[in-house]
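Ready for a few exercises on a protein–DNA model? Grab your viewer, try each task, then check your work against the solution below it.

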There are 2 protein chains.
Amino acid sequence: MRKKMRDNTNESAVARLREAGLRPTRQRNELADLLFKEGNRHLTAETLHAEAVGKGIRVSLATVYNTLHQFTHAGLLRQVMVDATRSYFDTNTIEHHHFYYEDEGLLADIPGTEMVAVDNVPNAPAGTKVSRVDVVVRLKRD
Amino acid sequence: MRKKMRDNTNESAVARLREAGLRPTRQRNELADLLFKEGNRHLTAETLHAEAVGKGIRVSLATVYNTLHQFTHAGLLRQVMVDATRSYFDTNTIEHHHFYYEDEGLLADIPGTEMVAVDNVPNAPAGTKVSRVDVVVRLKRD
DNA sequence: ATAGCTGCAAATGCTTTGCAAGGCC
DNA sequence: GGCCTTGCAAAGCATTTGCAGCTAT
């Protein structure tokens, strides 16, 4: 009655993993579903783990960490640094920028973000190249 | 022969601390000297502690952490988030932006930084105001 | 079969904290 | 003197790692 493991698994997630050279295991498939099924998300390892467990997915926190890093290396996720204590991961890997709600510890895309422009960025110093440009607009309660 | 403790201490550091409502203790004076005597600096607690110890200043790492945070709250320092594992402090509290050398874990001001402009930043969402805008140009070895 | 994953628990690394001793006003 | 500060060591947290058992191919 449960011969196939992939029945309730999003095919695109599996394909995505294969392309990235990652074995589509149950945990990775299920996490990928959570991550990529609904628009852009911003989450921490704890957050994702809690959500997974809440939905009945059996996965350890260590695996969530591993998976997030593997996905990041594979280019499926982007890691955003806004808080000294937590690491945020963003499912939107296209160049874009963020609002960070300092009081809530919440990260969000800047709406219409393609309009934000950073001008006059100097050339990268000799021997280096720009890896990426991060813009974070920090917000606090009014 | 050592009645006065403030002999070799930078007067401006003491004044700075008094204005901030912080008692000018030996440790705070000496750390302030290291921090503010020579232009803009970017350092971590470890870095500063090592430097202090190297110069014969007796101070514990815990006090360095406390002092960095007190200075930050007093507006003498600014905390910059670029690395999930380390907290950087910047002695330049004026709005400006950074290069981050990912390979070396080194943070630096963007030269001529006043020329970098961030355009079309949307208004802060209702109930919030912009605390600050951080721009980090991440560099990697070529 | 076997190389790659997962989970647990222990380890790590940065940072914070409790509290007794010491310093500043 | 009284309150603030320091230092040490212990505690705290998020994250990583070692390794035995499990899984995808």
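Let's start from line-up of helices around the first strand: α2 (26-36) and α4 of chain A, together with α4 (61-73) of chain B, each supply at least two residues of the surface near DNA strand C. Keep in mind that this is a predicted model.

**Exercise 1. Work out which element gives the largest share of the surface near DNA strand C, and which residues are closest.**

Solution.
- Step 1: collect the residues around the strand. There are 23 of them surrounding DNA strand C, and the closest are Thr25(A), Gln27(A), Thr63(A), Tyr65(B) and His69(B).
- Step 2: sort by element. α4(B) comes out with the largest share, four residues.
- Step 3: sort by class. You get six nonpolar, eight polar and nine charged residues.

**Exercise 2. Find out which parts of DNA strand C the side chains of Arg23(A), Arg23(B) and His69(B) contact.**

Solution.
- Step 1: take Arg23(A). An N or O atom in its side chain sits 2.9 Å from a sugar or linking oxygen of DNA strand C.
- Step 2: take Arg23(B). Here the partner of the side-chain N or O atom is a base nitrogen of DNA strand C, at 2.9 Å.
- Step 3: take His69(B). One of its polar side-chain atoms is 3.4 Å from a phosphate oxygen of DNA strand C.
- Step 4: put that beside the overall split. Of the atoms of DNA strand C within 4 Å of the protein, 79% belong to sugar or phosphate, and the rest to bases.

**Exercise 3. Now do the survey for DNA strand D: how many residues surround it, and which elements supply at least two each?**

Solution.
- Step 1: count. DNA strand D is surrounded by 22 residues, with Tyr65(A), His69(A), Gln27(B), Arg28(B) and Thr63(B) the closest. Sugar and phosphate make up 82% of the atoms of DNA strand D that come within 4 Å of the protein.
- Step 2: assign elements. α4 of chain A plus α2 (26-36) and α4 of chain B each supply at least two residues of this surface, and the largest share, four residues, is from α4(A).
- Step 3: check the phosphate contacts. His69(A) has a polar side-chain atom 3.3 Å from a phosphate oxygen of DNA strand D. Thr63(B) does it at 2.7 Å, also with a polar side-chain atom. For Arg58(B), a backbone N or O atom is the one involved, 3.3 Å from a phosphate oxygen of DNA strand D.
- Step 4: tally the classes. The surface near DNA strand D has six nonpolar, eight polar and eight charged residues.

**Exercise 4. Describe the second largest pocket: what is its volume, and what lines it?**

Solution.
- Step 1: get the volume, which is about 440 Å³.
- Step 2: list the lining. It has 17 residues, and Thr72(A), Gln79(A), Ser131(A), Arg132(A) and Glu102(B) lie nearest the pocket's centre.
- Step 3: map these to elements. In chain A, α4 (61-73), β2 (78-80) and β7 (128-141) give two or more residues to the lining; α4(A) gives the most, with three.
- Step 4: split by class. The lining has five nonpolar, six polar and six charged residues.

**Exercise 5. Give the strand order of the three-stranded open sheet in chain A, and name its edge strands.**

Solution.
- Step 1: read the order, β1-β3-β2, with antiparallel pairing.
- Step 2: find strands that pair on one side only. Those are β1 (42-43) and β2 of chain A, the edges.
- Step 3: zoom in on one pair. Two bridges join β1(A) to β3 (residues 88-90) of chain A, and His42(A) has Asp90(A) as its bridge partner in β3(A).

Terms used
Residues numbered from 1 in each chain as written. Chains lettered and ligands numbered in written order. Predicted model: local features only at pLDDT ≥ 70, side-chain atom pairs only at ≥ 80, totals over all residues. Heavy atoms only, no water. 1 Å grid on protein atoms, 1.4 Å probe; cavity = no way out; pocket = protein on both sides within 12 Å on 5 of 7 lines; lining within 4 Å. Points joined across faces, edges and corners; volume = space filled by probe spheres on them. Nonpolar A, V, L, I, M, F, W, Y, C, P; charged D, E, K, R; others polar. Near = heavy atom within 4 Å. Polar contact = N/O pair within 3.5 Å; in protein donor to acceptor, adjacent residues only side chain to side chain. Pairing = 2+ DSSP bridges.
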